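Okay everyone, thanks for squeezing me in. Let me put the structure up, and then we'll walk through it together.

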Amino acid sequence: MTTVNSDKLSSARFAEATDAFVEVFTASVDFDKRMAEQDIQGSIAHATMLCKIGILTEQERDDIIGGLTQIGQEIRDGKFTWSIKQEDVHMNIEARLTDLIGIAGKKLHTGRSRNDQVATDIRLYLRSEINSISGQLKRLQTAILDLAEQEADTIMPGFTHLQVAQPVTFGHHLMAWFEMLSRDYERLQDCKKRLNIMPLGAAALAGTSYPIDRQMTSDLLGFSRPSANSLDSVSDRDFAIEFTAAGSLIMMHLSRFSEEMILWSSAQFNFIDIPDAFCTGSSIMPQKKNPDVPELVRGKSGRVTGHLMSLLMLMKSQPLAYNKDNQEDKEPLFDTVDTLINCLRAFADMVPHIIAKRQNMYDSAKRGFATATDLADYLVRKGMAFRDAHEVVGQAVRLGLNSNRDLSELSLAELQQFSTAIADDVFEVLTLEGSVAARKHIGGTAPETVKQAIQTARQSMLAAQ
């Protein structure tokens, strides 16, 4: 076995040095150092509380806060030396603090453990990142609202089974995207409520014998309350799983948006143009314009869903309380955060520059008998049972198929052979404009309804700020 000398703060218990490979294998500092700001923030609050209960003198508290503030600046300036020997972000900062201020630095860990310390850091980190992700979500929602407002009257085919179903407007379709993102935003805010509970003070697993003031520390760190059970406090990662589940839903929605953009920008649909800045060409085919950003976002959705599965498997068989397994929670969590922010940013930058090819959308909506349901509804209003109306319209559609004409292109006499209830006014409902305009109810595709939905959405976003 190859060993190395160890100067770890926790090394006194061991009779021999840690194996060199094991030291590297078990260290987490390479990835958990991104929580340095939160670690310092938590330590400052902890030191302030320890002074209040008489564990630290005011001078020791001030020395600790001054040292931690200097360390924070060193990290931001890129001058801090990270060491694998100190295993993680917590021990690296504590070792540097002791170097700077001496024995007072060694007193900082009184009444806490790395178990409750890391649980606190992750919650502080994730709370901040949820705010950042929520900001990107709002940017994308605003971009969608702006584009939907421009295209509230733009008629396009609505699809089921990827077959032309009924006419809608592009603005209405975009507002469906908006609704998905609204649920995503609400889920993130709801997730933040449950993660905003402070585990610090649970120590290793059983709490501490020191008369700590957990409510004070919780207030200093902006948590809603201290956690209620020390065992659960250090071992709970539900909040990380819940966040990753919310992230998976966001990415699933972005993947669906991507799929539609990819289809719509193809020569076969030709509904939209994606700006050149978000596409690339081919190394061999000079005519190609590939929708790389939507394709990459569609692909990245899989990694976030994979992270959710990883965290669920990580926790499913763990006994209480803390286990080393939990070190594996951070990399999936961090990558989920990065992926969400980057994908949302890409979409928020791209959507405002999408150009709708309105005539192509309109022409496509004229194909596929998109107003067939309108004809059935017309017959129902004339007194016919819906199932009978459905049969009549089916016969009219067959005539249209055989003669390669839309329902609106059939003559009155041709339509009346299927039902004498059909009169001259039928052509008012067989137009695309008439079809979309008729759906004025809440959630309908009528342009005036879409515009009202956009206005309501803007007001809701302002109220949520």
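So, a warm-up: is aspartate 424 buried or exposed? Aspartate 424 is exposed, because its relative accessibility is 60%, and anything over 50% goes in that class. Before I go further, keep in mind that this is a predicted model. As for where to look, aspartate 424 sits in the loop between α17, which covers 412-416, and α18. Along the sequence, aspartate 424 and leucine 412 are 12 residues apart, and from C-alpha to C-alpha they are 6.9 Å apart in space.

Step into α18 itself, residues 426-429, and you find glutamate 428. Glutamate 428 also counts as exposed, because its relative accessibility is 59%. Its C-alpha atom is 19 Å from that of glycine 394, and those two are 34 residues apart along the chain.

Now let's go to the other end of the numbering. Phenylalanine 21 is in helix α1, residues 20-26. With a relative accessible area of 57%, phenylalanine 21 is exposed as well. Together with Val22 and Phe25, Phe21 makes a nonpolar surface patch of about 340 Å².

Next up, pockets. The largest pocket has a volume of about 500 Å³. There are 24 residues lining it, and the closest to its centre are Met175, Phe178, Glu179, Ala453 and Ala457. Which helix gives the largest share of that lining? That's α20, with 9 residues. At least two lining residues each come from α7 (114-150), α8 (170-195) and α20 (447-464). By class, the pocket lining splits into 10 nonpolar, 10 polar and 4 charged residues.

There's also enclosed space to talk about. The count is 1 cavity of 30 Å³ or more, and the largest cavity holds about 40 Å³. Its lining is His46, Met49, Gly111, Met198, Leu200, Gly201, Ile212, Arg214 and Thr217. Both α3 (36-52) and α9 (214-220) supply at least two of those lining residues. Sort the cavity lining by class and you get 4 nonpolar, 4 polar and 1 charged.

Last topic: salt bridges. Side chains of opposite charge can pair when their charged atoms come close. How many salt bridges does the structure hold? The answer is 26. I'll pick out a few.

Here's one between arginine 458 and aspartate 146, with the closest N and O atoms 2.8 Å apart. That pair links distant parts of the chain, since arginine 458 is in helix α20 and aspartate 146 is in helix α7, 312 residues apart. Arginine 458 is partly exposed at 22% relative accessible area, and aspartate 146 is partly exposed at 34%.

Then there's a pair within one helix. Arginine 194 and aspartate 190 meet in a salt bridge at 2.7 Å, N to O. They are separated by about one helical turn, because they lie 4 residues apart in helix α8. Arginine 194 is partly exposed at 41%, and aspartate 190 is partly exposed at 32%.

Over in helix α13, residues 330-350, arginine 345 and aspartate 349 are 4 residues apart, about one turn of the helix. Their side chains form a salt bridge at 3.8 Å, N to O. Arginine 345 counts as partly exposed at 49%, and aspartate 349 is partly exposed at 29%. And finally, Glu87, Asp88 and Arg114 are joined into one network by salt bridges that share partners.

That's my tour, folks. Over to you.

Key. Residues are numbered from 1 along each chain as its sequence is written. This is a predicted model: local features need pLDDT of at least 70, side-chain atom pairs count only at pLDDT 80 or more; totals for chains, interfaces and linings use all residues. Side-chain values use heavy atoms; hydrogens and water are left out. Buried means under 20% relative accessible area, exposed over 50%, partly exposed in between (1.4 Å probe, protein chains only). On a 1 Å grid over the protein atoms alone, a cavity is a set of points where a 1.4 Å probe fits but cannot get out, and a pocket is an open set with protein on both sides within 12 Å along at least five of seven lines; lining residues have an atom within 4 Å of a point. Grid points are joined across faces, edges and corners, and a volume is the space filled by probe spheres set on the points. Ala, Val, Leu, Ile, Met, Phe, Trp, Tyr, Cys and Pro count as nonpolar, Asp, Glu, Lys and Arg as charged, and the others, Gly among them, as polar. Patches are made of residues with over 30% relative accessible area and no salt bridge: like charges are joined within 9 Å, nonpolar side chains (Val, Leu, Ile, Met, Phe, Trp, Tyr) within 5 Å. Accessible areas come from the Shrake-Rupley method with a 1.4 Å probe; for residues, only the protein chains shown count as cover. A salt bridge is a side-chain nitrogen of Lys or Arg within 4 Å of a carboxyl oxygen of Asp or Glu.
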